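Subject: Structure handover

Hi,

Here is the structure I promised to pass on to you. Please open it next to this email, and my notes will follow below.

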Amino acid sequence: MTALSALPHVPQVGTVIIRGEDSSWSLQPRELWRHRELLYFLTWRDIKVRYKQTVLGLAWAVIQPLAIALTLSLFLGNLVRVPSEGLPYPLFAYSAMVIWQLFANALTESSNSLLANERLITKVYFPRLIAPLSSVLASLIDFAISLLVLAFFLIYYRIVPTERIVTLPLVALLAVLIALGVGLWLAALNVKYRDVRYVVGFLVQFWFLASPIAYPASVVPERWRVWYGLNPMVGVVEGFRWTLRGTGAAPLSLLAISACVAMAILIGGTYYFRRTEDTFADFI
């Protein structure tokens, strides 16, 4: 008997091919839920890092939109006399800045989220969507603080919100979805093309001027109103102001257009992000 014949029988194992699931359209809800603790810690880390070693800390969440709103009130409200649709112009401007800062902060931070988590992405597996999601969620803290100041504005001008105030979270959610959708596009592009971060700053400034922050959407001629509404933040800003006013009709058409555009941006951003996420570690 040879030595080979004395060896115990070893069963033959066939070739196992492992293929990734083609789910480019999916937000990976199961994977995100499985890594929910990581999402929580990254969100909390983003909040702490943002205000680490700052003199005023969380007060910056109030100072920035408040300073811009007061500047707009001084020059456009008092000097130019821009219409404010029945609201005192400081409240008109600050309420728009509150929802705009939520969008702008979420967009800016999410677009840079992959580079900010460079070491983590190159060493550990986790759903890459967690990086931009944590940046967006961290922006909600600033939004909550700004809402407290907005409440003081309402008290000062003796404006009592009606039952329509319950729709405010839905409008805020729409702003978050728009920021997340655009942020997914820019975050994926930023990994490969580092000059995207310069484009983000220009994009936010241009978007600010193209949105009804310092002026109402009603100043846009009626025939251009639908095309103007393709800017999804138009419906968001007008809808946010509507939740605070005690009078006026709901901007349903603008909100509907904003919702459709937001979903298109989010679906497209998710698809592109998921299709390119396998190369993130290589380019970073």
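What follows is a short tour, from the overall fold to single residues.

**Overall picture**

Please keep in mind that this is a predicted model. The protein chain contains 14 helices and 0 strands, so the pattern along the sequence is simply α-α-α-α-α-α-α-α-α-α-α-α-α-α. There are 284 residues in the protein chain, and buried ones make up 47% of them. If you look at contacts with a separation of 6 or more, 81% of them join residues 24 or more positions apart. The chain exposes about 16100 Å², with carbon and sulfur atoms supplying 67% of that area.

**Cores and a surface patch**

The largest nonpolar core has 73 residues, and the members that touch the most others are I99, W100 and F240. What does F240 touch, once residues up to four places away in sequence are set aside? The list is S95, V98, I99, F143, L147, L150, L168 and V171. There is also a second, separate core of 5 residues, with A217, Y228, V234 and L254 among them.

On the outside, you will find a nonpolar patch made of L74, F75, L79 and V80, which together have about 420 Å² of accessible area. One of these, L79, sits in helix α4, which covers residues 60–80. L79 is exposed because its relative accessible area is 62%, over the 50% cut-off.

**Salt bridges**

Side chains of opposite charge can pair when their charged atoms come close. The model holds 5 salt bridges, and three of them are worth a look here.

- R34 and E31 meet through their side chains at 2.5 Å, N to O. Both belong to helix α2 (residues 29–34), and being 3 residues apart puts about one helical turn between them. Their surroundings differ in accessibility: R34 is exposed at 58%, whereas E31 is buried at 17%.
- R225 is bridged to E222, with the closest N and O atoms 3.3 Å apart. E222 is exposed, at 59% relative accessible area.
- R241 pairs with E238, again with the closest N and O atoms 3.3 Å apart. These two are 3 residues apart in helix α12 (residues 232–244), about one turn of the helix. Are the partners buried or exposed? R241 is buried, at 0% relative accessibility, and E238 is buried too, at 6%. Both values fall under the 20% cut-off, so neither residue counts as partly exposed.

**Aromatic rings**

A pair of aromatic rings is described by the distance of the centres and the angle of the planes. The model has 12 aromatic pairs. One of them joins F153 and Y157, which are stacked at 6.5 Å centre to centre with 25° between the planes. Of these partners, F153 is buried at 13% relative accessible area, and Y157 is partly exposed at 28%. Y157 also pairs with Y156: the centres are 5.0 Å apart and the planes stand at 85°, so this pair is edge-to-face. Y156 is exposed, with 65% relative accessibility. Ring pairs link Y156, Y157 and F153 with Y94 into a cluster.

**Two backbone spots to check**

Which residues other than glycine have a positive phi? E85 is one, with phi near 55°. E85 lies in the loop between α4 and α5 (89–111) and is partly exposed, at 28% relative accessibility. R158 is another, with a positive phi of about 55°. R158 is in the loop that runs between α8 (130–156) and α9 (168–192), and R158 is exposed, with a relative accessible area of 77%.

**In brief**

If you only have a minute, start with F240 and its neighbours in the largest nonpolar core. Then turn to the buried pair R241 and E238 in helix α12, and finish with the ring cluster of Y94, F153, Y156 and Y157.

Happy browsing, and best wishes!

Note on methods:
Residues numbered from 1 in each chain as written. Predicted model: local features only at pLDDT ≥ 70, side-chain atom pairs only at ≥ 80, totals over all residues. Heavy atoms only, no water. Core = buried A, V, L, I, M, F, W, Y, C linked by side-chain atoms within 4.5 Å. Buried < 20%, exposed > 50% of the residue type's maximum accessible area, 1.4 Å probe, protein only. Contact = heavy atoms within 4.5 Å. Patch = residues over 30% accessible without salt bridge, like charges linked within 9 Å, V, L, I, M, F, W, Y side chains within 5 Å. Areas by Shrake-Rupley, 256 points an atom, 1.4 Å probe, with all protein chains shown as cover. Salt bridge = Lys/Arg side-chain N within 4 Å of Asp/Glu carboxyl O. Helix = DSSP H or I, 4+ residues; strand = E, 2+ residues; numbered from the N terminus. Phe/Tyr/Trp six-rings, centres within 6.5 Å; stacked < 30°, edge-to-face > 60°.
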